[in-house]
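Work through these exercises with the model open beside you. Try each task before reading its solution.

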Number of protein chains: 4
Amino acid sequence: MSLRQLKTISERRKYLEEKLKLKLSATAIFPQGLNDAQYKNCENMIGCTQVPLGIAGPLKITGNYAKGNYYLPLSTTEGALVASVNRGCKAVTLSGGVTAFCLDVGITRGAVFKTGNIKQSVSLQKFLEENISLLKKKASSTSSHLQLIGLKIKIVGKFVFVRFNFDSQEAMGMNMATIAADKLVRIISEKTQNRCLSLAANFDIDKKPSYLNFLEGRGRQVMAEAIITESVVRQVLKTSPQKIDEVAKVKCYLGSIVAGSLGFNAHYANIIAALFISTGQDVAHVAEGSIGITSTEIVDSNLYISVSLPDLPLGTVGGGTLLPSQQESLKILKVTKGVKGEKSRALAEIIAAAVLAGELSLLSALSVGSLSESHQKFARAKIKQG
Amino acid sequence: MSLRQLKTISERRKYLEEKLKLKLSATAIFPQGLNDAQYKNCENMIGCTQVPLGIAGPLKITGNYAKGNYYLPLSTTEGALVASVNRGCKAVTLSGGVTAFCLDVGITRGAVFKTGNIKQSVSLQKFLEENISLLKKKASSTSSHLQLIGLKIKIVGKFVFVRFNFDSQEAMGMNMATIAADKLVRIISEKTQNRCLSLAANFDIDKKPSYLNFLEGRGRQVMAEAIITESVVRQVLKTSPQKIDEVAKVKCYLGSIVAGSLGFNAHYANIIAALFISTGQDVAHVAEGSIGITSTEIVDSNLYISVSLPDLPLGTVGGGTLLPSQQESLKILKVTKGVKGEKSRALAEIIAAAVLAGELSLLSALSVGSLSESHQKFARAKIKQG
Amino acid sequence: MSLRQLKTISERRKYLEEKLKLKLSATAIFPQGLNDAQYKNCENMIGCTQVPLGIAGPLKITGNYAKGNYYLPLSTTEGALVASVNRGCKAVTLSGGVTAFCLDVGITRGAVFKTGNIKQSVSLQKFLEENISLLKKKASSTSSHLQLIGLKIKIVGKFVFVRFNFDSQEAMGMNMATIAADKLVRIISEKTQNRCLSLAANFDIDKKPSYLNFLEGRGRQVMAEAIITESVVRQVLKTSPQKIDEVAKVKCYLGSIVAGSLGFNAHYANIIAALFISTGQDVAHVAEGSIGITSTEIVDSNLYISVSLPDLPLGTVGGGTLLPSQQESLKILKVTKGVKGEKSRALAEIIAAAVLAGELSLLSALSVGSLSESHQKFARAKIKQG
Amino acid sequence: MSLRQLKTISERRKYLEEKLKLKLSATAIFPQGLNDAQYKNCENMIGCTQVPLGIAGPLKITGNYAKGNYYLPLSTTEGALVASVNRGCKAVTLSGGVTAFCLDVGITRGAVFKTGNIKQSVSLQKFLEENISLLKKKASSTSSHLQLIGLKIKIVGKFVFVRFNFDSQEAMGMNMATIAADKLVRIISEKTQNRCLSLAANFDIDKKPSYLNFLEGRGRQVMAEAIITESVVRQVLKTSPQKIDEVAKVKCYLGSIVAGSLGFNAHYANIIAALFISTGQDVAHVAEGSIGITSTEIVDSNLYISVSLPDLPLGTVGGGTLLPSQQESLKILKVTKGVKGEKSRALAEIIAAAVLAGELSLLSALSVGSLSESHQKFARAKIKQG
């Protein structure tokens, strides 16, 4: 008898409790609707982990897809994060809100073929470029929600890396992309007699930070900007535009440079992780989302701030989005029931806007030396235990 | 009346439900013990997000701190992940288990000072090197659980970046490190008359992928290795050692090289994210955990595989570790009630071992072209929606 | 009276000799034809530096542009380099020669514009994409030897980086590209009312190592491969295919990975520097040429080796190519009097082939632990001084 | 009969002339003293390449080792470079000169060992750390001019990379380091029974750009700074401090960030290449020298500028330094006949100061859009040919 032979969540949990002589009573608490996750989202399911959900906002956003005032559902266990983002939302909204742009889209799968020599590698590249229409047609045949947008090819001797770039509409699309790419590599292998060594060859590149995605983008590419008036900076953020600008340049530019980092920002990962958990995204994509650039400048004595997130794979359908509490968070953000990607783009714009609020607040705290203080205030109990 | 003025979780949730004309009934379901999270972990808390928890294993681990057979609690919404890790656990355990080493420790905080010129920058460096004993003493005065281990200094003209490296025992330690570093920079500023521009200047570097952490390590640095016998590779993983080795080299080495990535692996982020959520870690640290190197070779016709994770900030106390379901997952892993870091090191070794199982399984699937197939099997419903 | 007011090479040299109480008699020795360099290549010229020129080869090359047996003129002061490359040439040629492919071309200039906000940045991108024909026409108007191939655009908030990619035929083309790009940015500024902050904004990116050029290529992108028979490996290189393959993987892949390098090779820079000096190239481009990937594998007990050089800006006209000794080296390589880039492509193929010979020889020496020995043999006097 | 069997430079040249039906008359012209280069610097020598030598300066430098006014000997074929550096020298010197600091030293050799498993890798690390005194003693036994300073170790599974760091006094030291490291790895192999796979395993990392050297430094690490008064900026550089500062930040910071570059500067490689050729350095090291950070700021309406060059391997003895014209250039710079590294440090400070002058001039030209113009003026003939 083993876990995999048991049929229900409670049987499996009970099995483990007996095996380990433990009570898993908290893990057992979840809404009825989460039951089906054992078939679609999580094998050997024994219950759930409850991640506290806090609300920041409202945050006024003017995007191409997200428009209005938004409450941000942030799933986190780290004290001070919600409060910090909330302060940023207040400063931004009082200053007229944040503008956000979801620029382009495309989930990728990057396979590798092995040819017999460089000449054959070049021939394969030529074949791919000449048969793009065929590949597009075949890709679309795997799903009505998927389109092949284009290819990026890199040859290293006998190895030909091919990055397929797909529009997956409302879905994050990694699964659809995998299925479509699988079909495409089989066709390519058959027609060119080159072996595909790996369907996923890190030229995607999925769930790892990379310059390729930094430069080319992946999933949704989104930017946001806001002008925070000097009076709001002083009253809400307790600092000055000059101080924020100085910290931003020395931390997000120079500090990241000397650290050899791809994340030229203060803490994108914090906000992205919290929103990815709450909305049922694939949390491993935080590894990609954490790259990007925060830029500030003084404009007429006010603070201009922008964030650029090149690599944000996300969706409003599929994955964990249909799970009960996750669906509720998506509803809080008004990004359910979209078609053709409009709601996913809205979600991307909201995340970029939230990231901007988070950057603003943390940079403000750092500029006046109050980071340590706020952590002590909001997380004292934790610190004592630590 | 606003969210921040409300005092209870249910009041805030009700407020939002009315404001947005929504029912947040799933979000409302959580164990009694999660109530206190509103004071320590999550401001403006309205409930929780339930993330499905599945079990992989048992996985036999021989570490310096983790010893025995472990069941792995994986919080994820992505179908096929638990099944894949589970398959890896089976192959590893049948082959005699995985050996893991938690090599060294240290959470960092990296501040930046601005001096008047390069000469003063060099003087500041000299001051820091000569006063390390004083700094160690002062650091320890901020917490009985914290010790300053050392400094790393980088000068760029007037800017002096100082990376404080702390031993934080059982805690992940970012908060303790912040408080201690705050004290240290105040002392340094006072004694040398150099202004600290930012306590956290991305020379930590926290929650962003970086070569600095890749090279120097951060938090726990951990490695694991296993030899998978040829027969197990064939029977459990349905492939051959040669095929796995070939895919590993072309994907984890060459593929990551051409993508300009810091993650020379198949999918560390997946396993780390799932274990970080279940055990109450700071999930934003997935951005760091995703870097590292997977290496394979054929030894006597069997497969040798190793994983190297240089940058894994984690703890068994503090943060989200005391929350009800998170504490249960820590108990499943037998890493509660540690002293001086022994349980945190055990947790690091378990994660590295789990990562190895995950790498093995995914590389196996890729080597026989079955990735797409397994996704279709385990996540059909999801794919249909996507 | 100062240097700049003096009119001849000897007057300036004499001025300096008197000023510094030195004899510059060696510097004074150069062929008559170098005289004109003071007007075109080197302001305030006082003479020349003589760099020793050695010959390696012949090397049998089968390229699309370079075909036949080539003697390689290597300008270097580093003992053992010519001998090492020569050994590689012998091994390659005895095994049937090296195949080389010059894949594509394009010298770049990357300007940056500053707009008023992200929306304007997106509009500028759209303008550029829609007016590519106009830009091509205007670019061609600056030189009959230049064509605009395409653009690559990257937006970061208000900043729009535009990388113009030019075909410059036989020339390396950086000057032509600068003049053409200057014209284009003026047109763009005028038509869109966006200010160009810098014509050269490191999005070129010129004379610095970068992932952008690693991924996209710059100048000439060239690859070469050869199969070295086992008997040649043993007799000429005194090692085995397996040993070379093992060293190549641990050094060029893993070693470069742990060093955080863009150069996944043994020593491209050595060969490129020597050939760039001898043929009158811009030697600062060694900073770019040093990136690239060397790959090996065992094929039927022989050694397969390939080199990939994505970023090799070079030319057969312009710059230092017309200077007397430099022109002679170009003639040794049979790459003068080309049209439309055919000779520049040939030169790129020769360099890649020479690089392969150099890689092969050094990897062989390392594989049997003879690096130190060969340095002692060829450079004893130098070592004693050092 | 082949090249290698011939005994004199002229015999070899004649052989090649006949073989290729060419006249190599320019190549044949060189000072008598260059003859010996065939034994120490360049095998199969047939003559030399003459690289035009121009003079910029004087440049007033206040370093710890370089003090006074210096004329800079720049070997280049690229029109406008000497003139540009010269303009920078004038602006710097009129403003009171440049301050330079050579901070620390160390040439490296990075070997790799292969152990049987991670435990043995950790043991090897421990052995190395415990036997550092023995290793230092053995290293010094290979040369009276060499000392082992320290080690840096990186473990990846079975692979243990060891970076030996040496003080090589006046020499660049790569050959001495190789010989010493060769001795050390033999001792280590013998005592620990671990095989050294490669003496040079790219953990040095030699002649490739890398984050390791960017962070840790290699050879000489040197910085320089200057304050350029507003009036000098306006009169000599024809621009304003603000404009230079704006271009520096958008090009050297943001531009290099979006290009994924390690060179956060305008054109270090140009100046380093020209001074490396003239002074007989190993020109392939331009690949390393091109990395580093240029930083500017406005101070009291003047321009502050600093350059940071972490990775500058160079020497005043050994290599090409004794060759006739190269020795004359070293004399122009007053860096011959040093002991214990004082002259090499002076040379490093001069190069950093020259680099600063070059950065200043190019950034000035870019800030007013005159780059294209100056290239047209100084290099018209070349451009016509190109």
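**Exercise 1. An unusual phi**

Is B:Gln193 buried or exposed? Find its place in the chain and look at its backbone too.

*Solution.* This is a predicted model. Start with the location: B:Gln193 sits in the loop between helix H6 (174–192) and strand E6 (195–198) of chain B. Next, the backbone: B:Gln193 is not a glycine, yet its phi is positive, about 60°. Last, the surface: the cut-off for exposed is over 50%. B:Gln193 has 67% relative accessibility, so it counts as exposed.

Repeat the steps for B:Lys340. Its phi is near 55°, again positive in a residue other than glycine. B:Lys340 belongs to the loop between helix H12 (324–332) and helix H13 (342–367) of chain B. Its relative accessibility is 62%, so B:Lys340 is exposed.

**Exercise 2. Reading a helix**

Describe helix H4 of chain A: its span, its N-terminal cap, its buried residues and a salt bridge within it.

*Solution.* Begin with the span. H4(A) covers residues 118–130, 13 in number. From first C-alpha to last it reaches 18 Å, close to the 18 Å expected at 1.5 Å a residue.

Now the cap. A:Asn117 caps the N-terminal end of H4(A). One of its side-chain oxygens lies 3.2 Å from the backbone nitrogen of A:Lys119.

Then the buried positions. In H4(A), these include A:Ile118, A:Ser121, A:Leu124, A:Phe127 and A:Leu128. An α-helix has 3.6 residues a turn, so residues three or four places apart point the same way.

Finish with the salt bridge. A:Lys126 pairs with A:Glu130, and the closest N and O atoms are 3.9 Å apart. Both residues lie in H4 of chain A, four residues apart, about one turn of the helix. A:Lys126 is exposed at 51% relative accessibility. A:Glu130 is exposed too, at 56%.

**Exercise 3. A salt bridge in helix H9**

Which residues of helix H9 of chain B are four apart and meet in a salt bridge, and how accessible is each?

*Solution.* The side chains of B:Asp245 and B:Lys249 meet in a salt bridge, 2.8 Å from N to O. They are four residues apart in H9 (residues 241–258) of chain B, so about one helical turn separates them. Buried means under 20%. B:Asp245 has 13% relative accessibility, so it counts as buried. B:Lys249 is partly exposed, at 22%.

Now check chain D. D:Lys249 and D:Asp245 meet in a salt bridge at 2.8 Å. D:Asp245 is buried, with a relative accessible area of 13%.

**Exercise 4. The interface of chains A and B**

How many residues of chain A are in contact with chain B, and what makes up the chain A side?

*Solution.* Count the contacts: 133 residues of chain A are in contact with 133 residues of chain B. Take the area: the two chains bury about 10700 Å² between them, 62% of it on carbon and sulfur atoms. Then the polar part: 58 residue pairs are in polar contact. The chain A side comprises 70 nonpolar, 43 polar and 20 charged residues. Two salt bridges cross this interface. A:Arg195 and B:Glu246 meet in a salt bridge at 3.0 Å, N to O. Strand E1 (residues 45–63) of chain A gives the largest share of the chain A side, eleven residues.

**Exercise 5. Cis peptide bonds**

Where do A:Pro58 and A:Ile205 lie, and what are the omega values of the bonds leading to them?

*Solution.* A:Pro58 is in strand E1 of chain A. The bond from A:Gly57 to A:Pro58 is cis, with omega near 10°. A:Ile205 is in the loop between strand E6 (195–198) and helix H7 (211–216) of chain A. The bond joining A:Asp204 and A:Ile205 is cis, with omega about -20°.

Methods
Residues are numbered from 1 along each chain as its sequence is written. Chains are lettered from A and ligands numbered from 1 in the order in which they are written. This is a predicted model: local features need pLDDT of at least 70, side-chain atom pairs count only at pLDDT 80 or more; totals for chains, interfaces and linings use all residues. Side-chain values use heavy atoms; hydrogens and water are left out. Helices (H or I, at least four residues) and strands (E, at least two) are DSSP runs, numbered from the N terminus. The expected span of a helix is 1.5 Å times one less than its number of residues. Buried means under 20% relative accessible area, exposed over 50%, partly exposed in between (1.4 Å probe, protein chains only). A polar contact is a pair of N or O atoms within 3.5 Å; within protein, one must be able to donate a hydrogen and the other to accept it, and residues adjacent in sequence count only if both atoms are side-chain atoms. Contact means heavy atoms within 4.5 Å. Buried area is the accessible area (1.4 Å probe) that two parts lose on being put together, summed over both. Ala, Val, Leu, Ile, Met, Phe, Trp, Tyr, Cys and Pro count as nonpolar, Asp, Glu, Lys and Arg as charged, and the others, Gly among them, as polar.
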